[in-house]
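Me: Hey, can you walk me through this one? I have it open and don't know where to start.

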Amino acid sequence: MSVRARLVLGLGSLAALGALLVWAVAGLPDFGHPRGPYAVLAPQIVLNERHVANAVTGVNFDLRGFDTLGEELILFVAALGATVLLRAQRAERAVEDAQEAEERRAAGTTDALRALGAAIVGPMVLLGIYVVVHGALTPGGGFQGGVILAGALLLVYTAGQVVAVQRVRPVSLVEVTDAAGAAAYTLVALAGLVFGVAVMDNVLPIGTTGSLLSGGFVPVLSIAVGVEVTAGVTLILSEFVDQMLLHGGGRREEG
Amino acid sequence: MLAYLVAVWLLLIGLYGVITSRHLVHLVLCLGVMQASTYVLLLAIGWRIDAQAPIYVDIPPRARVVDPVVQALTLTDVVVEATVVAVLLALSVQAHKRFGTCDPDALGALRG
Amino acid sequence: MTVLQTVCLLAVAVAGTATVLTRDPLRQAVTAGGFGVTLSVLFLAFAAPDVALSQIVVAGIAVPVMVLLALAKIRTLDRAKEREQEDAP
């Protein structure tokens, strides 16, 4: 099929799809007046029975905790998939070339960049840990804080620190952390069985609203997700960085 | 109503970008635009007139809030779909290694 | 529907169209980042601070870095192939 014919067919189908979708959204409730009963019920349950101030995190880790387990495992599998796709066989020569090229790049980084990186990394890590731990109280939680922490690690790389390309150990620290985070979430979810109630039932003591230990296992799950997201995103980014480095930045060819 | 129409528009324009793309990385970013349309639709469904964010730190317990359930769905969605974009980018890098080009029209079938 | 929400929705529609119509992937990484930040402002206008926080972080840090690294890798592959073709004959 020629490009022209494909374009005509594509635009026609898009127009038809657009008409159907506009007809569909015209049947939704008026903007600003949601009809669902859960919209009113969920915040009240989360606040009164679970003592969690941030209703979104409470819904995420408690009322709909099973879905979050699934989403977290999607993230885990995606990190796994990116690793499998990108981690090819590496010749020893290619690894040494990449190491030398990296050291040249790191030595040539300007002082201003290094100083800025050093100044920002500390507050960024602190912010990430704050956002993860205070998920039950303020906007935040494991997902956001995890990506902030991964960004802090990326900043360390960008500001001139050499990244270890060689993987002499078969399992590196980042992978272990990723698996530990995912396993921690699953174990806390199964903890309900140990205590004799249903799976994913909130079994830890529920403190007072507004204190750091409120909400039963919501902070625990938030920390598990934070660890897992940090490690997963760092793993993906480091695989991409290794891939980019392993061909010597265009200076030498593969052996 | 405008919010729903913007969500439909983002879906259609993203799909148009996917159909007429000439580079795999461009295709992946247009897919990101399509993902954004679902976020806009979900949040538009949950919004309530004269309601505040569902954080009870400094508002009274009986205040009107927007729907937190759709926000919870969108929140995990945003982070997870970024990692799916990562897998797709890894696939396009591998496709370039295999076929020597990043043009979807020029990619051949998988050879055994 | 407040005026702020209307303005943000229109800005998002324009930014999305701009992202799709930018054909060069390197430039599209920039417009995609701008689209992500505009989207996070829209989420704030919809009273969703958690979602806005995760959108800022993801679209500002994670996605542009991955796209740029993938493009850099594709470029080194192209250069290696060109050098092979020069050496061959």
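Reply: Sure, we can go from chain A to where it meets chain B, then the core and a couple of odd residues. One thing up front: this is a predicted model.

Me: OK, chain A. How many helices and strands does it have?
Reply: Nine helices and zero strands. Reading along the sequence you get α-α-α-α-α-α-α-α-α.

Me: And what share of chain A is buried?
Reply: Buried residues are 39% of the 255 residues in chain A.

Me: What about contacts in chain A, how much comes from residues 24 or more positions apart?
Reply: Those make up 76% of the contacts in chain A, counting contacts with a separation of 6 or more.

Me: Switching to the contact between chains A and B. How many residues does each chain put in?
Reply: Chain A brings 45 residues and chain B brings 38 residues.

Me: Which helices of chain A are involved there?
Reply: On the side of chain A that touches chain B, at least two residues each come from α1 (3–26), α2 (38–48), α3 (55–63), α4 (65–86), α7 (142–158) and α9 (218–245). Of these, α4(A) gives the most, with 10 residues.

Me: How does that side split into nonpolar, polar and charged?
Reply: You'll find 31 nonpolar, 12 polar and two charged residues on the side of chain A that touches chain B.

Me: Now the largest nonpolar core. How many residues, and which have the most contacts inside it?
Reply: It has 128 residues, and those with the most contacts inside it are A:Val147, B:Val40, B:Leu43, B:Leu89 and C:Met66. The top contributor to this core is helix α3 (residues 49–87) of chain C, with 17 residues.

Me: Pick B:Leu89. What does it touch?
Reply: Leaving out residues up to four places away in sequence, B:Leu89 touches B:Val25 and B:Val28, plus C:Met66, C:Val67 and C:Ala70.

Me: Last topic, the odd residues. Which residue other than glycine has a positive phi near 60 degrees in chain C?
Reply: That's C:Ala47, in the loop between α2 (25–45) and α3 of chain C. B:Asp50 is not a glycine either, and has a positive phi of about 60 degrees; its place is the loop between α2 (24–46) and α3 (68–99) of chain B.

Me: Is B:Asp50 buried or exposed?
Reply: B:Asp50 is exposed, because just 7 other C-beta atoms lie within 10 Å, and 12 or fewer counts as exposed.

Me: And C:Ala47, buried or exposed?
Reply: C:Ala47 counts as buried, because it has 22 C-beta neighbours inside 10 Å and the cut-off for buried is 20 or more.

Key. Residues numbered from 1 in each chain as written. Chains lettered and ligands numbered in written order. Predicted model: local features only at pLDDT ≥ 70, side-chain atom pairs only at ≥ 80, totals over all residues. Helix = DSSP H or I, 4+ residues; strand = E, 2+ residues; numbered from the N terminus. Contact = placed C-beta atoms within 7 Å. Nonpolar A, V, L, I, M, F, W, Y, C, P; charged D, E, K, R; others polar. Core = buried A, V, L, I, M, F, W, Y, C linked by C-beta atoms within 7 Å.
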